[in-house]
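I opened this structure to look up its strands, its enclosed spaces and one buried side chain. My entries follow in the order I made them.

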Amino acid sequence: MPAAERPAAERTAAERTVVDVEGRRVSLSHLERVLYPRTGTTKAAVLHYYTQVAPFLLPHLAGRPASFLRCPTGVDGERFWAKNVPAGAPDWVRVLDVEVRTATLRQVVVQDLPTLVWAGNLACLEIHTPQWREAPDLHDRLIIDLDPGEGTSMTDTCAAALAVREVLAEDGIAAWPKTSGSKGVHLVAPLRPSPAEAVSRYAKRLAGRLRERYPGLVIDRMNRDARHGLIFLDWSQNTGMKTTVAPYSLRALAEPTVSTPVGWEELADCRDPEGLRFTPEQVVARVAERGDLMAPLLDPSGREELPGVPG
């Protein structure tokens, strides 16, 4: 009998599985549901991917409140942001209260594999985090978000990333690159905890310096009409309430792609606009061979003082 024709109680029992994940009971449902119709990628495949990359993903999520992009029926259906902890969350899911202008958000911290699997079962395809842990007014990361304007490609974005690296190096800051999983590139630099406003001011000044030095390559203006043929350096991503897709997170695009850590040599050698687009299967193979290319972000000894802006 087709699932839609079975009694509700029978259907629920048949389509739900309880599994043990590191000693936690996690209920899984609709594992056969296709979340990416173009490639036939099911929820089971999404959960399998996140389980495989968990040792590399989880350290980047530790202590940071997660914002989820949920697509319960797949990327072609309804989608919505989940910032507050979803209803029915197990009591072992860690929650962090985050004060915003008019309310308090109760956000999930994805601290372990059971929480990651639980979130994946809710079709939380994308996981985004802020540039801070625990306290929004102290940032421990600087994010440089390079967004290609119309008429540009990944090769142009890579050229802009190399230019940013050069200017950051002048300030004694080392950054690690990853693809956005879409069209852009993110550069992430570890900082000693710094006031959020100071980090945002530094990012804005950095964007201005790059625009002056490379006027035919980058732009720091928010106006989309001005971005044609240029790479937009989005300095505003460093404000306390902004989030960025996490390394190794899937993207909810027509086909499953991943925000993937890459080497600087890969950016320098980029000649193919599609050359830095990675599938989940490719990412699993990459981490098996190369490990986490963004692991230096996790080393406290590598954090730099924020230069040029008083705290």
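**Entry 1: strand β5**

I began with a pair of residues: F68 has A82 in β6 as its bridge partner. This is a predicted model, in which local features need pLDDT of at least 70 and side-chain atom pairs count only at pLDDT 80 or more, while totals for chains, interfaces and linings use all residues. Residues are numbered from 1 along each chain as its sequence is written, and side-chain values use heavy atoms, with hydrogens and water left out.

I noted the terms before going on. Strands (E, at least two residues) and helices (H or I, at least four) are DSSP runs numbered from the N terminus. Two strands pair if DSSP finds at least two bridges between them.

β5 and strand β6 (residues 80–82) run antiparallel and are joined by 3 bridges. I then looked up the other partners of β5. Strand β9 (residues 124–129) is joined to β5 by 4 bridges, also antiparallel, and there S67 has H128 as its bridge partner. With strand β8 (residues 104–109), β5 pairs in the antiparallel sense over 2 bridges; A66 stands opposite V108 in that strand.

Is β5 buried or exposed? I found that 6 of the 6 residues of β5 (65–70) are buried, where buried means under 20% relative accessible area, exposed over 50%, and partly exposed in between (1.4 Å probe, protein chains only). In a regular strand, side chains alternate between the two faces of the sheet. I listed the two sides of β5: P65, S67 and L69 are buried on one, and A66, F68 and R70 are buried on the other.

**Entry 2: the open sheet**

Next I traced an open sheet of 5 strands, with mixed pairing and the order β11-β12-β10-β14-β13. Its edge strands, β11 and β13 (218–219), each pair on one side only.

At one edge, β11 (residues 176–179) pairs with β12 (residues 185–195) in the antiparallel sense over 4 bridges. W176 has V188 in β12 as its bridge partner. β11 and β12 form a hairpin with 5 residues between them, and G181 in the turn has a positive phi of about 90°.

At the other edge, β13 and β14 pair in the parallel sense over 2 bridges. I219 has F232 in β14 as its bridge partner.

**Entry 3: cavities**

Rolling a probe the size of a water molecule over the atoms shows where empty space is left. On a 1 Å grid over the protein atoms alone, a cavity is a set of points where a 1.4 Å probe fits but cannot get out; a pocket is an open set with protein on both sides within 12 Å along at least five of seven lines; lining residues have an atom within 4 Å of a point. Grid points are joined across faces, edges and corners, and a volume is the space filled by probe spheres set on the points.

How many cavities of 30 Å³ or more does the structure hold? I counted 3. The largest has about 90 Å³ of space. Its lining has 13 residues, and Q131, R141, V188, V245 and P247 are the closest to its centre. β10 (138–148) and β15 (244–245) each supply at least two residues of this lining.

The second largest cavity has a volume of about 60 Å³. Among the residues lining this second cavity are Y248, T260, R286 and L293.

**Entry 4: pockets**

The largest pocket holds about 440 Å³ of space. Of its 22 lining residues, S182, K183, P273, E274 and R277 lie nearest its centre.

The second largest pocket holds about 350 Å³. Of its 17 lining residues, D145, D147, H186, Q237 and R251 are the closest to its centre. β10 gives the largest share of this lining, 3 residues.

**Entry 5: H60**

Last, I looked up H60, which lies in helix α2 (residues 43–61). H60 counts as buried because its relative accessibility is 1%.

Which side chain does H60 join in a polar contact? The partner is D292, at 2.8 Å. A polar contact is a pair of N or O atoms within 3.5 Å; within protein, one must be able to donate a hydrogen and the other to accept it, and residues adjacent in sequence count only if both atoms are side-chain atoms.

I also listed contacts, meaning heavy atoms within 4.5 Å. Not counting residues up to four places away in sequence, H60 touches R141, P247, Y248, D292, M294, L297 and L298.
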